[in-house]
Amino acid sequence: MAPGVARRARRRVRGAPPAGARARSAEDWWWDRLAPSGSGYHLLQSDSMLLVLPGPGPSRARAHRRVARRPQRLPPVGARAAAAKARPRPAPAPAPAPPQAPDPGWGDRIPLEILLQIFGLLVAVDGPMPFLGRAARVCRRWHEAASQPALWHTVTLSPPLAGRHPKGGAKAGGAKAEEKLLASLECLMPSRFSQLQKLTLIHWKSQVHSVLKLVSESCPRLTFLKLSDCHGVTPDTLIMLARACPQLHSLDIQHSMVESTAIVSFLEEVGPRMRKLWLTYSSQTTAILGALLGSCCPQLQVLEVSSGINPNSNPLQLPVEALQKGCPQLQVLRLLNLMWLPKPSGRVGTPGPGFPNLEELCLAGPTCSFVSDEALGRLLRGSPNLRLLDLRGCARITPAGLCDLPCQELQQLHLGLYGMSDWPTLAKEGSPLLTHKWCHTLRELDLSGQGFSEKDLEQALAVFSGTPGHSHAALCSLNLRGTRVTPSTVSSVISSCPGLLYLNLESCRCLPRGLKRAYRGPEEVRWCLEQLLTSTPSPS
């Protein structure tokens, strides 16, 4: 072989890769070129690009080169046999454990009965929505518990966009929100509302008929219906609901645009099973009250008529004797924030039957009130079970007229005259008549704004310190705002009534400065007593 050919062969042998080695790929070359180890950068490869990012990156599996192993020298045959005998036999491998199912969590471990009790406590406080809707998304067990009809006994439905102004206008946005909520109700009512008892609809303008139709088809146990700020209620709708829900006995339509013909038709359809009715006074109230006076609902127990946001200046004419004959089972009568003009009796000497079961009478209204002792006596004739009497704003009522009432166990008496301290005909005497008659049962007393003298109030409140049987008085709330009560009188009544929880002494001109405020709770009332006992007797 020629010398030049031999030299070229030796060069090729020296530059050849070792045995078992593999050529590097282009990807490894770019990896080491762009982000070498120790440089503080790493590569991130995506679908269409290669990024160089600072910081240590995730470990990247590179192609490992195969390293040629050196041949190991074997021991002699005798040594190998001895080592094989001395080597312990491997223990049999344990059987593989069966795969465990994933832990469902503590929510699935609670029994369904316990979940129903817990959900029932929360629903009783906050209502079913939105809690039950959110709880149903936790797991299957919670969804099963939240879907029980027993939890959906009281529901309030209001469109989510009520009161907002979307781009399409408030009317268009409200209609879309009602349609969306109606679609959800079509799925929920058949499965969850079968035991619904109390339903409240708020701000429904266009889909009231559709919602009440669903209620009539899916809620046979409905007992109470409230429509607040709802429009479009027709007589056919209420009649359909009255026929489909045989247990419906309460209707609240305050602050809603409902025709009087629809309400009268509903009352005639319900008839004797009607128990509670709430109305807003308007020009159409006369027709509704006329149906009640005609014995349309003889078992009515609660009747409330109040003015709306804009008070009506027209007086409400309501014959007392006719109401007593039409609703003899009345227990609660409220004529709030309106001028009640009692019609005189038709014949002299023919009193009405009275309300033998009446327990609450509220005639609180504006300063211009036509309620007198004579009208109050006609209204409460034959009502020995009266417990609450609210006559705030009725300036024509006198202590002598109250003392002649047949009720003997009155617990709450409200005679406040707010903003009427300069009324020329305010009574200056007579407050001891009230406390002498009801000192053993009275729990709340409101004399704010009354013009009784200092001595008269002292005699009236001194009755609580000498209750029969030397027992403590039951008085727990006393409102003396704007009266002429003295510090000694207040100290005496606080000492005699350990259960006093509320005391209002605002604008009492005979008290020292710093004490003319309202006290809430036994601690504040006790602090007031300490300040009165240590303060100087000179008033502000």
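The legends below describe close-up views of a predicted model.

**View 1. Helix α10 and the elements that surround its buried residues.**
Helix α10 spans residues 260-270, and among its residues Ser 260, Ala 262, Ile 263, Val 264, Phe 266, Leu 267 and Val 270 are buried. These buried residues pack against two helices, namely α9 (235-244) and α11 (285-293), and also against the strands β6 (231-233), β7 (250-252), β8 (257-258) and β9 (276-280). Just after the helix comes Gly 271, whose phi angle is positive, at about 65 degrees.

**View 2. Val 258 in strand β8.**
Val 258 lies in strand β8, one of the elements against which the buried residues of α10 pack. Is Val 258 buried or exposed? Its relative accessibility is 11%, and because buried means under 20%, Val 258 counts as buried. Leaving aside residues up to four places away in sequence, Val 258 touches Val 233, Leu 238, Ile 263 and Gln 284; of these contacts, Ile 263 is itself one of the buried residues of α10. Along the chain Val 258 and Asp 229 are 29 residues apart, while in space their C-alpha atoms are separated by 9.7 Å.

**View 3. The packing of helix α8 with helix α9.**
Two packed helices are described by the angle between their axes and by the distance between those axes. For helix α8 (residues 208-218) and α9, the angle is about 15 degrees and the axes are 9 Å apart. Since angles under 35 degrees count as roughly parallel, α8 is roughly parallel to α9. The crossing of these two helices, α8 and α9, is left-handed. On the side of α8, the contact is made by His 209, Leu 212, Lys 213, Val 215 and Ser 216, and on the side of α9 by Thr 237, Met 240, Leu 241 and Ala 244. When the residues in this contact of α8 with α9 are sorted by class, five are nonpolar, three are polar and one is charged.

**View 4. Pro 432 in helix α15 and its contacts.**
Pro 432 is found in helix α15, which is made up of residues 431-438. With a relative accessibility of 13%, which is under the 20% limit, Pro 432 counts as buried. Which residues does Pro 432 touch, not counting those up to four places away in sequence? The contacts are with Asp 456, Gln 459 and Ala 460. Between Pro 432 and Glu 458 the separation is 26 residues in sequence, and the distance in space from C-alpha to C-alpha is 8.7 Å.

Technical notes
Residues numbered from 1 in each chain as written. Predicted model: local features only at pLDDT ≥ 70, side-chain atom pairs only at ≥ 80, totals over all residues. Heavy atoms only, no water. Helix = DSSP H or I, 4+ residues; strand = E, 2+ residues; numbered from the N terminus. Buried < 20%, exposed > 50% of the residue type's maximum accessible area, 1.4 Å probe, protein only. Contact = heavy atoms within 4.5 Å. Axes fitted to C-alpha atoms, helices over the stretch in contact; angles between N-to-C directions. Parallel < 35°, antiparallel > 145°, perpendicular 65-115°, else oblique. Left-handed = near helix turned anticlockwise from the far one by under 90°. Nonpolar A, V, L, I, M, F, W, Y, C, P; charged D, E, K, R; others polar.
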